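Please examine the sequence and the structure shown below before reading on. The paragraphs that follow begin with a single strand and then widen the view.

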Amino acid sequence: MQPSIQQLRTYFLSGATQSYDFRLNQLKRLKKVVLESEKELYQALYADLKKTDEDAWATEVGFFLSELNYTIEHLKAWMQPNTVSTNLVNQPSTSFTVQEPLGVVCIIAPWNYPFQLLFTPLIGAIAGGNCVVLKPSEFAPATAAAMGKIIHALFPDNYILYMEGEGATVLPPLLTENRFDHIFYTGSTMVGKIIYKYAAEQLVPVTLELGGKSPAVITSDANIRVAARRLANPKFSNCGQMCIAPDYILVPTELKEELIKELIIAIQSFYGADAEASEHYGKIINDKQWLRLTSYLSDGEIVYGGKSNREKLFIEPTIMTGVHADAKIMQDEIFGPILPILTYQSNEEALAIIQKNPNPLAFYVFTENKEDEQYWLTNVPSGGACVNNATMHITNHDLPFGGRGFSGMGGYHGKLSFDTFTHTKSVLKTPTWIDPSFKYPPYKGKAWLLKRLIG
Ligand code: NAD
């Protein structure tokens with residue numbers, strides 16, 4: 001049977017999803033069932049990615065709940081019309097904007113944070129008053145099944161339709177034989193281009209949350225110990241399978257050894273000397289990714305780690321040096337626990353390396369110097385950035401999250417999620433008790449007045 005979203009369209013047009021009470025109620029029901037399903041979600045996330053309960057809470061369920069609570073708290077205010085000033089020629093009108101539901105939207109998610117990346121945009125879509133098709137990743141099957149159970153228990157198919165299956169099979173007919181009002185896609189840049197083409201055919205607006213190589217630059221006066229801890233944490237959490245994980249580090253030549261020493265201390269304090277035996281260290285998602293990642297291990301010199309076990313989908317936290325800027329590991333998004341350390345002697349040299357993969361999703365600079373901070377923030381256009389931190393910008397509801405150029409377009413989180421899943425409609429309201437003739441043709445002799453009013 002061909003996938004059809006007609007039943008969702010009909011339900012949307014009934015107006016049922018649009019009231020504040022309806023939206024709030026769905027968000028609260030979602031919260032309740034997710035809380036009741038926590039254990040099942042943790043088991044699923046362990047099966048797919050060997051995430052501990054604590055990790056699964058912090059990066060998946062807790063992250064989602066934090067966004068959900070924030071949305072529940074602010075939804076009423078966000079739904080209010082926003083009055084703006086009115087220009088002279090339209091006086092005595094009033095002007096305001098309203099956030100209008102989009103209609104039927106499609107949310108497509110990847111496997112690395114399979115719950116958070118499907119359910120967090122869902123918050124915005126429900127808050128926006130839309131009907132939704134949800135497409136989880138087929139590569140995190142246990143979590144996809146657990147999420148499906150939640151959605152089926154809560155929502156009818158004509159409101160939120162949960163559509164599992166292989167992306168390359170399920171999505172082309174879904175996106176070509178239906179017209180969505182918005183497609184929200186998170187995943188690789190390569191598949192993002194395919195989705196963008198489908199959307200373009202029918203002029204469907206998109207949010208593309210893509211990947212890329214997010215660099216970290218350490219300057220000569222940086223606090224190396226803090227930098228090492230703050231970079232090693234997101235690089236090896238979830239085995240580096242994180243869209244904003246630091247991909248590689250650029251460090252002044254004279255600080256390389258100190259940085260490596262501190263990175264090793266950090267890694268061992270997180271996972272012990274034998275990460276394979278650590279219950280806190282995750283696994284690679286599947287054999288295909290394991291093969292891709294282990295192929296990078298010959299792209300330079302391994303100064304720490306390098307052990308792997310195909311059966312267990314294990315790759316040790318690994319630090320590499322001597323990596324050539326043209327090596328495969330420096331062309332692909334690594335998306336795994338392998339960290340190249342590159343040295344530089346001038347800012348221009350480091351910048352030239354970064355510019356080979358322009359518009360990263362995130363950029364990190366570690367420095368105590370304001371001028372250096374300014375230099376790096378202005379010279380590396382990126383989706384988001386941190387100074388003396390890495391990846392934590394994603395946790396602030398008041399910071400929009402998204403890429404630019406090759407790392408994506410549009411964004412979400414906090415109010416931006418609501419804005420993303422609504423249309424800002426401009427309304428001008430004019431009274432009828434006054435209707436001056438200078439506004440109507442013929443304009444001969446009225447130009448001076450119009451110029452004054454419009455100019
Ligand atoms: P992916 O592009 O392979 O898959 C994402 C989704 O697209 C899945 O639901 C999949 O079923 C579907 N898909 C795959 N091939 C398809 C095809 N040919 N046609 C239509 N749909 C298809 O991505 P992934 O491997 O699951 O995730 C890893 C990538 O996602 C990395 O590049 C990472 O940086 C990026 N990512 C970005 C963010 C972000 O917020 N910007 C977050 C997480 C991951």
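The model considered here is predicted. A suitable place to begin is strand E16, which covers residues 384-387 and has side chains that alternate between two faces. Gly384 and Cys386 point to one face and are buried. Ala385 and Val387, in contrast, point to the other face and are not buried. For this description, a residue counts as buried when its relative accessible area is under 20%.

Strand E16 also has a partner. Strand E15, formed by residues 362-366, runs parallel to E16, and 4 bridges join the two. Within this pairing, Val365 stands opposite Val387 of E16. The reader may locate these two valines in the structure and follow both strands from there.

The next residue to consider is Pro215, which is found in strand E8 (residues 215-218). Is Pro215 buried or exposed? Its relative accessibility is 1%, and Pro215 therefore counts as buried. Leaving aside residues up to four places away in sequence, Pro215 touches Tyr248, Ile354, Pro360, Ala362, Phe363 and Tyr364. Pro215 and Ser382 are 167 residues apart along the chain, yet their C-alpha atoms are separated by 9.9 Å.

A helix offers a further example. Thr71 lies in helix H4, which comprises residues 53-79. Because its relative accessible area is 3%, Thr71 is buried. Which residues does Thr71 touch, if those up to four places away in sequence are not counted? They are Leu27, Trp78, Ile123 and Ala127.

These local views may now be placed within the whole protein, which has 15 helices and 18 strands. Buried residues account for 53% of its 455 residues. Contacts across the sequence may be described in a similar way: among those between residues at least 6 apart in sequence, 71% join residues at least 24 apart.

The overall dimensions come next. The C-alpha trace spans about 80 × 55 × 40 Å along the principal axes of the protein. A compact globule of 455 residues would have a radius of gyration near 23 Å, and the protein, with 25 Å, agrees with this expectation.

Finally, the surface and the charges deserve attention. The protein exposes about 20,300 Å², of which carbon and sulfur atoms supply 55%. There are 40 positive and 46 negative charges, and the mean positions of these two groups are 9 Å apart.

Terms used. Residues numbered from 1 in each chain as written. Predicted model: local features only at pLDDT ≥ 70, side-chain atom pairs only at ≥ 80, totals over all residues. Heavy atoms only, no water. Rg over C-alpha atoms; globule rule 2.2 N^0.38 Å. Buried < 20%, exposed > 50% of the residue type's maximum accessible area, 1.4 Å probe, protein only. Contact = heavy atoms within 4.5 Å. Areas by Shrake-Rupley, 256 points an atom, 1.4 Å probe, with all protein chains shown as cover. Lys, Arg positive; Asp, Glu negative; His and termini not counted. Charge placed at Lys NZ, Arg CZ, Asp CG, Glu CD. Pairing = 2+ DSSP bridges.
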